[in-house]
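Student: Before the model is displayed, may we agree to discuss its pockets and then its overall fold?

Tutor: Certainly; let us begin once the structure is shown.

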Amino acid sequence: MIIAAIIILAYLLGSIPSGLIVGKVGYGIDIREHGSGNLGGTNTFRTLGVKAGLLVTTADILKGTLAASLPFFFGLENVHPLLIGIFAVIGHTYPLFANFKGGKAVATSGGILLFSAPLMFITMLAVFFLFLYLTKYVSLSSMLTGIYAIIFSIFIGDPVLIAVVSILSLFVIYRHRANIKRIRDKTEPKVKWI
């Protein structure tokens with residue numbers, strides 16, 4: 001029963017629509033009606049600017065971190081944090097509080113790794129910004145970072161980490177399938193600040 005309650009709580013944490021809240025409360029804008037229509041940090045950056053984008057991205061990361069930490073807070077040391085954290089990613093992608101249309105799982109996936117594999121998270125940030133500098137595409141950088149995460153997890157050798165990271169990375173790539181088409185068609189927006 002405790003594990004079931006934690007899973008539900010993790011999903012509800014993930015379902016908190018940071019982009020929607022920041023857009024409506026801070027700017028009077030529903031970001032689902034602008035840009036890509038996505039609730040994640042990238043669309044928030046493009047629609048509302050750097051300050052809002054950073055706030056939403058940070059919130060999306062931290063809700064994953066908090067969800068992954070739930071087994072620790074409830075004294076369930078035998079439950080791998082990633083197995084709970086993944087429900088926050090599901091909540092972020094299919095949020096109960098935003099008609100089940102959320103973000104693309106990048107920031108919240110990173111958030112659960114921040115708790116369970118912090119060194120991996122830090123190197124992923126560095127790799128993401130390296131790819132972003134080289135390609136100028138947020139979407140492509142996110143997908144390539146996911147592939148890097150799989151390789152990194154294999155070197156760590158934790159079977160649960162390998163499985164969860166592989167699932168999340170493939171899911172991130174799947175969620176970016178429209179971006180892949182736009183990259184091929186050369187219509188995907190590039191960042192200009194790096």
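Student: How does the lining of the largest pocket divide by class?

Tutor: The model is a predicted one. Its largest pocket encloses about 1,200 Å³ of space, and 48 residues line that pocket, with T42, V106, F128, V138 and S142 the closest to its centre. Elements that give two or more residues to this lining include α3 (41-48), α7 (118-135) and α8 (138-156). By class, the lining has 22 nonpolar, 19 polar and seven charged residues.

Student: Which element supplies the largest share of the lining of the second largest pocket?

Tutor: The second largest pocket holds about 150 Å³. Its lining residues are S36, G37, N38, G102, K104, R175, R177, A178 and R182, which divide into one nonpolar, four polar and four charged. Three of the lining residues come from one element, and this largest share belongs to α10.

Student: Why is the protein described as being as compact as a globular protein of its length?

Tutor: The secondary structure comprises 10 helices and zero strands. For 194 residues the globule rule gives 16 Å, and the protein is as compact as a globular protein of that length because its radius of gyration is close to that value, at 16 Å.

Student: What percentage of the contacts with a separation of 6 or more joins residues 24 or more positions apart?

Tutor: Contact here means heavy atoms within 4.5 Å. Among contacts in the protein with a separation of 6 or more, the share from residues 24 or more positions apart is 63%.

Definitions and conventions. Residues are numbered from 1 along each chain as its sequence is written. This is a predicted model: local features need pLDDT of at least 70, side-chain atom pairs count only at pLDDT 80 or more; totals for chains, interfaces and linings use all residues. Side-chain values use heavy atoms; hydrogens and water are left out. On a 1 Å grid over the protein atoms alone, a cavity is a set of points where a 1.4 Å probe fits but cannot get out, and a pocket is an open set with protein on both sides within 12 Å along at least five of seven lines; lining residues have an atom within 4 Å of a point. Grid points are joined across faces, edges and corners, and a volume is the space filled by probe spheres set on the points. Helices (H or I, at least four residues) and strands (E, at least two) are DSSP runs, numbered from the N terminus. Ala, Val, Leu, Ile, Met, Phe, Trp, Tyr, Cys and Pro count as nonpolar, Asp, Glu, Lys and Arg as charged, and the others, Gly among them, as polar. The radius of gyration is taken over C-alpha atoms; the globule rule is 2.2 Å times the number of residues to the power 0.38.
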